[in-house]
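Hi everyone, thanks for coming. I'll put the structure up and we'll walk through a few spots together.

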Amino acid sequence: MRIATDIGGTFTDLVCIDEENCRMVAEKSHTTPPNFEQGVLDVIKKSGLSPESIDTFIHGTTTIINALTERKGGKTGLITTKGFRDVLEIARCNRPDLFNLVFSKPEPFIPRYLRQEVAERMNYKGEVIQPLNEEDVKSAVKYFKEQEVESIGICYINSYANDQHEQKTAEIIRSLWPEVFITTSSTVTREWREYERTSTVALNSYVMPTASSYLNNLSKKLESIGFKGKSYIMQSNGGTTTFDQAKEAPINMVESGPVAGVYGSAILGQIIGESNLIAFDVGGTTAKCSLIDNGEVKVTTEYRIGRTDNYAGYPIMAPVVDIVEIGNGGGSIAWIDEAGSLRVGPQSAGAVPGPVAYGIGGTEPTTTDACLLTGRLSPGNFDNPVDMEAVKSAIVKKIGEPLGLNADDAAMGIIRVAESNMYNALKLVSVRRGYDPREFTLVAFGGGGPMHCASLARELNIKKMVIPVAASVFAAWGMLMTDLRHDYIRTHISPLAETPVEQINDIWKEMQEQAEKQFIDDGITASQMVCQYYVDMRYLGQEHTVKVPIPAVPLKEEDKDIIKERFHEAHEQAYTFRLPNAPAEIVNYHLVGNGGLTPPKLQEIAPQTGDVEEARISTRPVCFNEVGWLDTPVYDRLKLGAGAQFSGPVVIEEKTSSTVVYPGQNVCVDKYGNLIITEEGE
Amino acid sequence: MTKNIDSVTLDIVKDSLIAIGNEVFYSFAQTSMSPIIYETLDYACGIADSEGHLLTQGNGACGFIGLISPMIQAVIEKFGKENIREGDVYIINDPYMGGGSHLSDIGMVMPVFYNGEIIAFLGNKAHWSDVGGMAAGSFTTDSTEVFQEGLRFPAVKLVDGGEISQTLVDMIKSNVRFPEAAEGDMWGQIASLRTGNKRIIDLCEKYGEVVVRESMTRLLDQGEIIARKRLSEFPKGSWEMEEYMDDDGHGNPVLIKVKVTITDDEFIVDYTGSSPQVFSPINTGYTSLCAGAKIVFMSIVDPDLVINDGVFRPLRVIAEPGSVLQCQSPAPTSCYFESMLYATDVLWKALAPVFPKYLGAGHMLSVCSVVLSGTHQDTGAPFLIVEPTGGGWGASSEKDGEVGQFCVGDGETYNVPVEMAETRYGIMVDEYSLHTDGAGAGMFRGGSGCVRKYRAMSDGQLFTASFGRNKYPAWGTNGGADGSYNYFEIIRADGTVEGPMAITARTVLNKNDVVNMITATGGGYGDPYQRDVKRVAEDVRNGYITLEQAKKDYGVDVDPVTFQAVRREEN
């Protein structure tokens, strides 16, 4: 049996498909900082699954991102090429907070006195200009020992082109100090841009001790309850890796939770026969969206931890699923700005004090409160008795009175502004990147996704929406469906037309060998491994690249024409034009390796037999945008069978989430229990 | 009349306008062929209402703030709204007209029509790698007239009702050094305007023209409301400051003088009394001067405000025509940012004691612009570097100054990575580090400048640079010490050193000659003897200051091994 556990800010989720008993198990339990592994044991225990029966354990965790945001990693030293130890501190000289003349730039994770330089130099072609001075390395090690660092990162200039000196340096350190954690830049990325690469190394080194002790503890604890299967970690690239490899490159886990939902959407798309999807996840504090084009989850290496409109954040060059995130979730606070405009978020009431509806001290109206007042949620959706008067009075006092609106209009105003923010984020991943949302299916999940999707889909002219089963633990479901995945990216710049096909094939061969070696370490044979090949290309003179899938390797001379045509298409898609006569250039080679895990078979639900009305819990007034109040039937999702069909307006409730369907929209329950919502007449 | 439009709808449309502004901004960077645009983001895009009032502006560089709407207004004024047709695009870079900076910054303006009427204008302005003139990269330090600096477009029609003027395109391409890049950037600018055009029309279709127009008014009014609210809270009075900026390039001093007056409803920045325009390209036009004043104004009003002309309604900037701060034809302007930034700095310095929370000590000030051209040692292909250099910022009342940042006129601007520079350009970078001279002592310390060493890898490269703030250091405030200066030196292959110097034009570099560029450390804030002893010890441990500086400037004895520190009793 395969289970997935996902540690989030508030809850640790578990999802398991029990093929023997034909059922899906979903469970939640509280997250238990700082001993996160306890939450995992708790949720397993709560689920009633026997640890002995688990053969595959897949895990997503916020441990790494927490260690970074709370600065709780290990004491770390950095070794750089002579003359470049300050690259990490200078960063890119940019100032996103344009008009704040007392801004603060991100403070490096490794202070200057722990950044040591050694004499060595490669040129841009990877030729040795100055050999590695081994004595410099030895004295750096001696110094780091005195300073009692736990982890050492190494990043040399132009090592993306030749990592020989980095490898040699690591070897020397290992021989002198076997216990210390070591990261070379080439093990985490082989892309150019020294600041971004150095930052990736610094962050990886910094979290290595944390990752190692966390994963070791978790393994021990799992063993202690009788688990004997294989364990995998969810990575930010949408695939998994083994615990051992995760300890070497823990930075790859940094966004493991959020990406699983996106990956899950792609898998769900395969199952229901849709390949163009937009994944839309609304949680307590944020909304996230990501576009899946023709079944492919988009991966980027331009991710920055903590980046905002006003703050540069810390780059990591590890492949991360391309997600747009905005500060708008269920707990987002509604407020009136100085100029008298209604705003929602980014500040969130969080879990404590939470929305007014939670009754534990929240006084600021939130999106959740507005949903309650407009009938999208009912007091019955909350664990606590809800004081509706308190909710109403907060909305009236804080929003209604200043704007001259009654309670209903104020609550609808909050929802409209929140949805407008989400709408702009959805446009960001679609329209702005050259995609027409009408050609996409919206997959909505997380606590709030199902509540907002119907109105957003209508605004965007999206014709079809899917609310997956277990929408509120969908990220864990996504993890359950993932495969082992490793990304290998190398910068080799050359014009496509002038690069001999043999040279291209040699690069692929080298990368394939690296992949095979890593997969063998994972326990996967070369024949099980499935590779996909991409090149990042651009027109000569441009900077930004587009990712182009390429035919099977080894390539033949005539494949270059196919690649060129695909590049033109991808460029036109992304940037609206092509330059048919301009020479095209390859910048990066990107190999994606997937390995042999078979996803569990989905369980079908029982067919609908009687009238859908039997699922009706109640009827209540719900306020719809542009329509107003309507008496709306409320259905219990668990009581709906496969094939059930009905039309909006309707609210479908489940334990931790609630789906709102607009008038003029039809709902159909598919054989797995997913709600498929379409616009009438489509 | 239409029914009353609810404020939530207006806000939603207003946010959509801002989102369109952002989209237009980012779409341009991604297609550009010029590193100065895609890497340095040396451009801006804006949306204005039908009268040319700026509604929202996406900026890469601060210095472009408020240059878009005067440019649009210049087009309206010259052609008259009745003669502007759907699909037109106008090109403008005249330094003395609305929105002018230097010739390298090419502006484009497009009207947006809905139901046969102009509902908005779109404008953008981008630094082209080359616009012709006496020097590669067009911007140089030794021009004496604008005619040496490249092509000058006094607002002319580039696209006529959707038809590109091939005549003009041919003229452009035969007058610039990199015609492909110029044409690519030209189309990139046009494409981003057209994207914005489409999005605004979509918005009108969705919400109706009336709602969109109302939202535009609301956007401007709200900007003004906040600015006036802040103004009402400001202390009232007049503050004066004058400083000499380095010199005019021929050894003569150049005075920058400001009197800033804050009243109940106006914020007046008066530069009367500043030096007359000079025969070197450090003159600035009026709108760029205003841009500098707008930066300081924004920083104390609210740095997070959406930039629009409503915000700036209370601001008035005065300069004398013919002065270095409001120069007239044919004054050269290719390094206009030097006087513009000095004017900004003098205003900043005048107000720093008044607004200590928002304005810290002086920073490295200059763009420290570098233009290097030549051929690549391996490919033989010509290359051109046009880039700013990072330096130190001043400390402020709550924190140390930042290290290695571009000057205030830049912003969301990126340095060129060493690995990229070595691949593309015919250079190797010998060093890129912090300039830890320990200047800028204070309770809070000035941030360190940078050291960047470029080694020429082929013969016959041409190096041009303008490193302002080379005579007077970054100023300290409230008892903090001054920082240092910007300069560079050239270390020839045989070991001879030329310099230190700060301004040069087309100096020849041959293989293995090295240019060593050093930028200023920012000024300090507060009495150094008030600096926390532990922080002084950390500064020594990190090498930002020396043991001697700890002792001399901060009165702290630091043990070089244990970094235990004690402050000597004050004498």
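So, domains in chain A, and keep in mind that this is a predicted model. The assignment gives domain 1 (2-69 + 212-256), domain 2 (76-207), domain 3 (257-328 + 419-480), domain 4 (335-407), domain 5 (484-595) and domain 6 (612-667 + 675-679).

Let's pick out domain 4 and domain 6 of chain A. Their C-alpha centres sit 23 Å apart. Where they meet, six residues of domain 4 are in contact with nine residues of domain 6. And what's on the domain 4 side of that contact? One nonpolar residue, four polar and one charged.

Okay, now zoom in on A:Asn276. You'll find A:Asn276 in the loop between helix H9 (256-272) and strand S13 (277-282) of chain A. Is A:Asn276 buried, exposed or partly exposed? Count the other C-beta atoms within 10 Å and you get 17; buried would take 20 or more, and exposed 12 or fewer, so A:Asn276 comes out as partly exposed. Leaving aside residues up to four places away in sequence, A:Asn276 touches A:Ile292, A:Asp293, A:Asn294, A:Glu439, A:Phe440 and A:Thr441. Also, A:Val443 is 167 residues apart from A:Asn276 along the chain, yet their C-alpha atoms are separated by 10 Å.

Last stop, chain B. Here four strands make an open, antiparallel sheet, in the order S13-S12-S16-S19. Strands S13 (382-387) and S19 (503-509) are at the edges with a single partner strand each, so one side of each has no neighbour in the sheet. From one strand to the next, the twist averages 10°. Inside the sheet, S12 (residues 369-375) and S16 (residues 461-466) of chain B pair over five bridges, and B:Ser369 stands opposite B:Ser466 in S16.

Technical notes:
Residues are numbered from 1 along each chain as its sequence is written. Chains are lettered from A and ligands numbered from 1 in the order in which they are written. This is a predicted model: local features need pLDDT of at least 70, side-chain atom pairs count only at pLDDT 80 or more; totals for chains, interfaces and linings use all residues. Domain bounds come from an automatic or database domain assignment. Two residues are in contact if their C-beta atoms, placed from the backbone, lie within 7 Å. Ala, Val, Leu, Ile, Met, Phe, Trp, Tyr, Cys and Pro count as nonpolar, Asp, Glu, Lys and Arg as charged, and the others, Gly among them, as polar. Helices (H or I, at least four residues) and strands (E, at least two) are DSSP runs, numbered from the N terminus. Two strands pair if DSSP finds at least two bridges between them. Axes are lines fitted to C-alpha atoms, for helices over the stretch in contact, and angles run from 0 to 180 degrees between N-to-C directions.
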